[in-house]
Every structure is written in structure tokens, then in C-alpha cells.
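Q: I am new to this structure and would be grateful for a close look at a single part of it. Please describe how that part is arranged, and then place it among other features of the model.

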Amino acid sequence: MGFSVEVLSEKYDIFYVKNKNKKVLFKNIDCWLNSSLWIKLSRYKKLTYFMLWWNWIKVPNSIVTNKNYQNLDSLLKEKKIKFPLVVKPCVWSHGDWVSVNIWNYTNLEKAINIALKHDNEILIQEFFKWDDYRILLVNHKIVAAMQRVPAYIVWNWKEDIKILIKKENQNEKRWEWHAKSLSTIIIDAELKRQLEIKWLNINSIPKRNQKIFLRKNANLSTWWVSIDVTDKIHPEIKKMCEKASKILWLKVCWIDYLSEDISKPLSKQKWWIIEVNHTPWLRWHHFPFEWKPRNVAKEILKLALK
């Protein structure tokens, strides 16, 4: 693009990008495009939900509670929220400390305690097994979209789950934290819980060629697989996402969207927005696991240095 780059701190991802007329400071992908006020507001899920709901955009029916919660049964009935459930911290958390597909009060209590370790307030919502999408907008226009698929392994009848996870982590696309397009799979409490739901554990050796998902949610820290679906988005969904980004005053953002099918109109299916992220990660669009790469960094730079 003919721009020059001056790195101030590689450790903290701080750098300038310059052209003949302009010099823009970046922290990761954050720059002047998103205001600090709206970045702060978007970090709090309950505030994001309120802003969207106030403007007639569907969000999950939720309970906001804290460590002093009492009588979960009454709370759920009052809000008409039914099992299965999702529990997550109220603040932006990369999907960490989120528990999904909760079917009983025992597991609900455990999930609440996990989320409260990260935040003083938590959200309890209904869980729906719809397709999970992440839509990237620049200047309130969609430039890319991907379907997020939870990490999975395929059994070969010979080896247990623990060994298959180890082999999957040897995939050249997987590496620790954010170093490559896929993250290393970690055997944690939530992974074990998801196996228990299927009457399995990490030492199980199940049916041959059976695909087993290790999470119900697909997120950065839960080792997702990304599939580009940019060309499939229905115009009604585009219009709704563009409206949402304008409501939150975010010129660069990711919208986490659940629906039955991204190619169908909103009026023909169930859907809602579950989160809006002010600092999207770009590598899954540049290097998707399946389908077309999208040069979304170029779109951000074009806007920032316009």
C-alpha cells in the first residue's frame, strides 16, 4: 500500500503507520477510529445488550446477577428462561470463564462460581444450538464474516481422547495463544464437562470416525475453527449488523451473531446478537480454516489513513 511503519513497542503491539499526509498510532488494531467512550461501553455486555435492545435489535433474554444471588429457580421463571443455559462474565473476556449447554442446577451453580472468579457480575442466558457467526465491519460496512465451529477431534477406534487431542495439537496451524490461525487445545474443566455430558472422559475410546466437539462455544481461547461465509450473508442481516455498529458508534468491530442460517432473511428464522467486540482479531479472516481469505487489514488501514 506504500505506507511506512515505525514500531514503538513490539512487546505491546504499539506502532505508527504513515503515508505522505498522515501518521496514525495503533495499539494492535486499535486507533482513532473507535472512541474510548464506546470502547469502554462495549466491554460491558449488559450495556451492549441494553443499547441494542433499546433500538429494536434482538439480544438474548438475560439475568444479570452477582455473588449474592438467591433462588435461581424464581429468577429463571420470572424471566421465562429455560434450560439449557449459558453463564458468562458481564465484562469482555475472550470467551474465557464461559459455560454453555448447562442442563441442571448443580452444573449451573458450578458455572456461576467459575464466571464469578473473573467478574463481580455475570449473565445467565438460554442456550440455543444455532450456527455461530462472527461478522467484521469497517466504517459500518461488512467486509468479512466467518462461521465459528467449536474445536473437535475425529476418533480412529484405536486411541483415546487424550492422545487424539495431543495429535491435533501437532497440526501445523495450531500454536500457543495467538501465534497461529488455530490455538492449542487445553484439557480443562469445561472440556471434561462437555465430555461428561456425552458419557465420556479423556481416556475414552469411542466409535471410529465419530466427530466429537470439545466445546459447545467457539471462541479465541476455546480453539475454534473458522469458515469464511462472507459471500453467503443475506442483505437483511447485513443491514441489521450495520445498524448495530452505528448504534454503538464503532467504526471497526466484530458482531457475534447466532442464527439458523446466515443466508436466510431475519424474518424467516430465529436469531440474535450475543456480543460486539471493539478490537477484532484479523488472522481468521486472512487465514480461514476453510474457504476464501479476506484482506480486512487493508480495509482498516485505508480508512484510518484516509
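A: The account below begins with a sheet and then turns to its surroundings and to other details of the chain.

The model is a predicted one. Its mean pLDDT is 85, and 90% of the residues reach 70 or more. Among the elements of the protein, strand 2 (residues 14-18) has the highest mean pLDDT, 97, whereas the lowest, 68, belongs to strand 11 (residues 174-175).

The part chosen here is an open sheet of five strands, arranged in the order 14-9-8-15-16 with antiparallel pairing. Strand 14 (225-228) and strand 16 (271-277) occupy the edges; each has a single partner strand, so one side of each has no neighbour in the sheet. On average, and with direction ignored, neighbouring strands of this sheet are turned by 30° against each other.

Within the sheet, strand 8 (residues 131-138) and strand 9 (residues 141-149) run antiparallel and are joined by six bridges. In this pairing, Val 138 stands opposite Lys 141 of strand 9. A helix also belongs to this picture: helix 9 (residues 296-304) lies across strand 8, strand 9 and strand 15 (252-259). The angle at which helix 9 runs to strand 8 is about 30°.

Leading towards strand 15 is the loop from helix 7 (235-247), and Trp 249 is located in that loop. The phi angle of Trp 249 is near 55°, a positive value in a residue other than glycine. Trp 249 counts as exposed because its relative accessibility is 57%, and the cut-off for that class is over 50%.

A positive phi near 55° is also found at Asn 101, again a residue other than glycine. Asn 101 is placed in strand 6 (residues 99-102). With a relative accessible area of 7%, Asn 101 is buried, a class that requires a value under 20%.

The last part to consider is a pair of helices. The axes of helix 3 (residues 72-79) and helix 4 (residues 105-116) come within 12 Å and cross at roughly 95°; the two helices are therefore roughly perpendicular to each other. On the side of helix 3, Leu 72, Asp 73 and Leu 76 take part in the contact, and they meet Tyr 105, Leu 108, Glu 109 and Ile 112 of helix 4. By class, this contact contains five nonpolar residues, two charged ones and no polar residue.

The loop between helix 3 and strand 5 (85-89) contains Pro 84. A cis peptide bond, with omega at about 0°, joins Phe 83 to Pro 84.

Technical notes
Residues numbered from 1 in each chain as written. Predicted model: local features only at pLDDT ≥ 70, side-chain atom pairs only at ≥ 80, totals over all residues. Heavy atoms only, no water. Axes fitted to C-alpha atoms, helices over the stretch in contact; angles between N-to-C directions. Helix = DSSP H or I, 4+ residues; strand = E, 2+ residues; numbered from the N terminus. Parallel < 35°, antiparallel > 145°, perpendicular 65-115°, else oblique. Contact = heavy atoms within 4.5 Å. Nonpolar A, V, L, I, M, F, W, Y, C, P; charged D, E, K, R; others polar. pLDDT = per-residue confidence, 0-100. Pairing = 2+ DSSP bridges. Buried < 20%, exposed > 50% of the residue type's maximum accessible area, 1.4 Å probe, protein only.
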